[in-house]
Each structure stands twice: as C-alpha cells, then as structure tokens.
Amino acid sequence: MTVISVRRALVVAAGVAVAAVVTGGCGLSAEIDREVDPERTRAAASPKPPPIVAPVETGAPRPGDAEPTPSVAATGCPATGVTVSTGAVNAAMGLRAMPVTLTNCGGGTQRLNGYPDVRVRDVENERMDVTVLKGTGPITQLDDPGPHPVTLAPGESARSVFVWRYSAVDAATLRGSGVHVEIGPAVGAERQTVEPEGGLDVGETGLLGTTAWQKVVD
C-alpha cells in the first residue's frame with residue numbers, strides 16, 4: 001500500500017468518526033453524564049411533584065364580605081307586604097264557597113276598607129268574562145259585613161268569602177274554569193295570582209260574589 005492510500009484511509013475514517021459524534025452527540029453527552037454523576041442524572045429524569053395548593057372554601061364568608069340581603073323568596077313576603085291564599089272550596093247543591101285570606105307579612109301596618117279586587121283567568125291565562133260582585137245577593141244570602149275599616153298589624157289577617165254557582169266546564173280542556181285568580185286588597189292595589197285547588201267552575205259568563213274584608217279573630 002502506498003503512503004497516499006494510507007493517508008486517504010485515515011482521512012475517511014476520521015470523517016466517519018466526526019459524523020458519528022455529531023449525529024449521536026445528544027446520546028453520547030447523556031451517556032457521559034450518567035457515567036460521571038449517576039445520582040444527578042436520575043434526579044433530572046424524575047418528574048417534579050405538582051405544587052400543593054390549599055383548598056378554597058367558596059361557600060364560607062371571608063373577612064370584609066357584606067352580609068347577604070334576604071330575598072323575597074327567602075323571606076316569603078313580597079314587596080307589597082301582604083300575601084293572599086285560598087282555602088278549600090265548599091260545594092253544596094251546585095253552590096260554591098271559598099275563603100280567601102290576606103295576611104300582613106311585612107313590618108308595617110296594613111289598612112283595608114271594602115272588597116277585594118278580582119280578575120279570573122282560564123287555563124291559557126286569558127281573562128274570562130266573569131262578573132265580580134261586591135256582595136253575594138244575586139247568588140245566595142250570605143252574611144256580608146260590608147265596607148268598614150280593617151287594620152292589620154304584622155302577622156294579622158283578614159278574610160273574604162268568594163261564592164258562585166257551578167256552570168258547565170269542559171273537564172278535558174278546563175274551558176270555563178277559573179284556573180288563575182288575581183286578587184288584590186282593593187281596586188288599584190297590586191294583585192297576586194293564586195291557583196285554587198280545582199279552580200273556579202264559574203263558566204264563561206258566570207257570576208262571582210265576594211264579601212268585604214273582615215279581620216280574622218283567633
């Protein structure tokens with residue numbers, strides 16, 4: 001072999017070695033690190049534990065938080081300061097009678113003088129053609145105290161009695177039944193909607209009698 005051939009062979013071998021180092025540099029460097037300091041290499045390869053985060057109590061009040069204001073739903077008393085409820089319907093020979101109670105649920109005094117203001121609506125919430133009377137004369141003879149001043153302290157109640165006679169009602173569609181009844185303390189006052197059990201079967205052109213508010217005495 002000539003000197004030139006030997007030199008050429010050495011050059012080629014050196015180039016191959018350099019290429020191997022370049023292409024495998026990362027693996028070689030890692031291997032060297034493991035040989036020199038195996039403990040440091042294992043520590044670097046191990047994942048770090050996630051940071052510990054203290055739980056946050058979202059429901060607990062924090063210092064400086066304002067006290068929540070009770071809502072109407074929580075207190076059970078609307079802004080008007082009164083609630084309206086209906087009792088069971090008493091039916092006898094086609095005559096119906098239903099007590100209606102107005103309660104002072106607020107903190108002030110409530111004053112009444114006269115008859116409740118009433119609107120009757122059907123199952124579709126459409127207003128029905130019902131004549132609401134002040135008194136019960138055309139329907140039946142029932143004691144009516146008539147208009148007089150009634151003062152209700154907080155927690156006290158007044159009562160009116162609604163009377164009517166049964167009129168044809170479609171049992172399938174509830175046509176002719178007063179499903180939604182709006183009741184206010186007096187004309188011009190805000191009315192509340194109640195749904196009496198069984199509805200008011202007054203028919204499409206029925207009459208509804210009412211008695212004046214009278215204080216409930218325990």
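Let's start with Val-132, whose bridge partner in E11 is Leu-208. That pair belongs to a parallel pairing, where strand E6, residues 131–134, and strand E11, residues 207–210, run together over four bridges. Please keep in mind that everything I show today comes from a predicted model.

E11 has another partner as well. E8 and E11 pair in the antiparallel sense, over two bridges. On that side, Phe-162 stands opposite Thr-210 in E11.

So which residues touch the most other members of the largest nonpolar core? They are Phe-162 and Leu-208, in a core of 22 residues. Both names have come up already: Leu-208 as the bridge partner of Val-132, and Phe-162 as the residue opposite Thr-210. Several elements give two or more residues to this core: strand E1 at 82–86, strand E3 at 95–104, E5, strand E7 at 150–152, strand E8 at 157–165, and E9.

If you click on Phe-162 and set aside its neighbours within four places in sequence, you will find it in contact with Arg-96, Ala-97, Met-98 and Val-100, with Pro-116 and Val-118, with Ile-183, and with Leu-208, Gly-209 and Thr-210. Leu-208, then, is among the contacts of Phe-162.

Right next door in the sequence we have Val-161, also in strand E8. Is Val-161 buried or exposed? Partly exposed, in fact, because its relative accessibility is 24%, and buried would need a value under 20%. As a reminder, in a regular strand the side chains alternate between the two faces of the sheet. Beyond four places in sequence, Val-161 touches Ala-97, Met-98, Leu-142, Gly-209, Thr-210 and Thr-211. And for those of you who like distances: Val-161 and Thr-136 are 25 residues apart in sequence and 9.3 Å apart in space, C-alpha to C-alpha.

Next, a polar residue in strand E3, namely Thr-101. Thr-101 counts as buried because its relative accessibility is 14%, with the limit for buried being under 20%. What does its side chain pair with? There is a polar contact of 3.2 Å between the side chains of Thr-101 and Arg-159. Leaving out residues up to four places away, Thr-101 touches Thr-83, Val-84 and Ser-85, and also Ser-157, Ala-158 and Arg-159.

There is a second buried polar residue to look at, this time outside the strands: Asp-201 sits in the loop between E10 and E11. Its relative accessible area is 14%, so Asp-201 is buried too. The side chains of Asp-201 and Trp-164 make a polar contact of 2.7 Å. Around Asp-201, again ignoring neighbours within four places, the contacts are Arg-96, Trp-164, Arg-165, Tyr-166, Ser-167, Val-169 and Gly-176.

Now for a sheet. E5, E9 and E10 form an open sheet of three strands, in the order E5-E9-E10, with antiparallel pairing. Its edge strands are E5, at 117–121, and E10, at 192–194, each of which pairs on one side only. On average, neighbouring strands here are turned by 25° against each other, direction ignored. Strand E9, residues 180–184, meets E10 in the antiparallel sense over three bridges, and one detail to look for there is Glu-182, whose bridge partner in E10 is Thr-193.

On to backbone angles, which I suspect some of you were waiting for. Most residues other than glycine have a negative phi, and most peptide bonds are trans. Which way does Met-93 go? Met-93 has a positive phi of about 50° although it is not a glycine. You will find Met-93 in the loop between strand E2, at 90–92, and E3. With a relative accessible area of 84%, Met-93 is exposed. Leu-174 also has a positive phi, near 65°, and is likewise a residue other than glycine. Leu-174 is in the loop between E8 and E9, and is partly exposed, with a relative accessible area of 34%.

Let me finish with the whole chain. How many helices and strands are there? The secondary structure comes to four helices and twelve strands. Of the 218 residues, 27% are buried. Taking contacts between residues at least 6 apart in sequence, 74% join residues at least 24 apart. Finally, the accessible surface comes to about 14600 Å², and 57% of that belongs to carbon and sulfur atoms.

Conventions
Residues numbered from 1 in each chain as written. Predicted model: local features only at pLDDT ≥ 70, side-chain atom pairs only at ≥ 80, totals over all residues. Heavy atoms only, no water. Pairing = 2+ DSSP bridges. Axes fitted to C-alpha atoms, helices over the stretch in contact; angles between N-to-C directions. Core = buried A, V, L, I, M, F, W, Y, C linked by side-chain atoms within 4.5 Å. Buried < 20%, exposed > 50% of the residue type's maximum accessible area, 1.4 Å probe, protein only. Contact = heavy atoms within 4.5 Å. Polar contact = N/O pair within 3.5 Å; in protein donor to acceptor, adjacent residues only side chain to side chain. Areas by Shrake-Rupley, 256 points an atom, 1.4 Å probe, with all protein chains shown as cover.
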